[in-house]
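Reader: I am new to this structure and would like a close look at a single part of it, namely the nonpolar core and what lies around it. Could you take me through that part slowly?

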Amino acid sequence: MIFDLDDTLFDDTGCTHAGLHALAAQSGLSVPPAELFARHAAHIRAIDPLLFRGELTAHEARVLRFTRLLTELGVPYPDGEAATVTYRGAYRAAWAPIPGAAEVLRDLRAAGLRLAVLTNYVREVQALKLAHFGLDALVDALLCALEVPAAKPDPRAYHAACAALAVTPGQAVMVGDSWEKDVQGAGRAGLRAVWVNPCAAPVPDGVTRSVRNLQDLQRCAEFRAHP
């Protein structure tokens, strides 16, 4: 079984809100939190391809992201380096796992499944998140951006995770919160998928299973019969 990390096992949204709140306070911004979050996410989507192609390091991508964000919001003389320090400090202070993350991984391992984490971010950050909560000891492989042939939702990302677990795509299940990256992409690559769907959004055709939370995943007994 293959898991996404951010907002599947780790509360990235909560940490992002904390980081943006600190950045807004530092910069004197009065942007509504939902708008700030959306603008920030848009800059991530725009810059990620540069990171995946190796044109920027992770730190350079962060600095560019916050320079663009603050410029867009009208901050005079935006300091992307200082903004990065502020954001990352608050983000790190808010680190938290998704409720049930450790329990579901332990339960699946006890059932004999091999587990991997497949994430579209860099190892220097993602490995720390897993280790901080002891989740690294519960997975057999961590596959990060820049270490796989392509990022999700490219089929090669899921196939790399399957190879790391020594299973075929037909034997594997992808679990994640992103419809595009964790469900749709996995399906195109020949995997089954479980959509972590806490808001109970309508389930599109082709989704093998939709769960509200990780505790619900533990009740998907049919997936335990596969590697």
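Author: Contact here means that heavy atoms lie within 4.5 Å. With that meaning, and leaving aside residues up to four places away in sequence, Leu105 touches Phe3, Leu9, Leu115, Leu135, Leu138 and Val139. The model is a predicted one, and every statement that follows is to be read in that light.

Leu105 belongs to the largest nonpolar core, which has 42 residues, and it is among those with the most contacts inside that core, together with Met1, Phe3, Leu9, Leu115 and Val175. At least two residues of this core are supplied by each of H1, H3, H4, H5, strand E3 (141-144), strand E4 (173-176), strand E5 (192-196) and helix H9 (214-217), while the largest share, 5 residues, comes from H5. Apart from this core lies another, of 18 residues, which includes Leu118, Val148, Val167 and Ala189. As a general background, nonpolar side chains in soluble globular proteins tend to be buried together.

One of the contributors, helix H1, covers residues 12-27, and its 16 residues reach 22 Å from the first C-alpha to the last, close to the 22 Å expected at 1.5 Å a residue. Within H1, the residues Asp12, Cys15, Thr16, Gly19, Leu20, Leu23 and Ala24 are buried, and the buried residues of this helix pack against helix H2 (33-52), helix H3 (58-72), helix H4 (80-93) and helix H6 (123-132). After H1 comes Gly28, whose phi is positive, near 70°.

Aromatic rings deserve a look of their own, and the structure holds 6 aromatic pairs. In one of them, the ring centres of Phe10 and Trp95 are 5.9 Å apart and the planes stand at 90°, so this pair is edge-to-face. Because Phe10 lies in the loop between strand E1 (2-3) and H1, and Trp95 in the loop between H4 and helix H5 (101-110), the pair ties together parts that are 85 residues apart in sequence. Both Phe10 and Trp95 are buried. Another pair, formed by Phe66 and Tyr87, is tilted, with 4.8 Å from centre to centre and 45° between the planes; this pair also links distant parts of the chain, since Phe66 is in helix H3 and Tyr87 in helix H4, 21 residues apart. Phe66 and Tyr87 are likewise buried. These four residues, with Tyr91 and Phe133, form one aromatic cluster, and the charged end of Arg92 sits over the ring of Trp95, 3.9 Å from the centre of that ring.

Definitions and conventions. Residues are numbered from 1 along each chain as its sequence is written. This is a predicted model: local features need pLDDT of at least 70, side-chain atom pairs count only at pLDDT 80 or more; totals for chains, interfaces and linings use all residues. Side-chain values use heavy atoms; hydrogens and water are left out. Helices (H or I, at least four residues) and strands (E, at least two) are DSSP runs, numbered from the N terminus. The expected span of a helix is 1.5 Å times one less than its number of residues. Buried means under 20% relative accessible area, exposed over 50%, partly exposed in between (1.4 Å probe, protein chains only). Rings of Phe, Tyr and Trp (its six-membered ring) pair if their centres lie within 6.5 Å; planes under 30 degrees apart count as stacked, over 60 as edge-to-face and the rest as tilted. A charge sits over a ring if NZ of Lys or CZ of Arg is within 6 Å of the ring centre and within 35 degrees of the ring normal. A nonpolar core is a set of buried Ala, Val, Leu, Ile, Met, Phe, Trp, Tyr and Cys residues joined through side-chain atoms within 4.5 Å.
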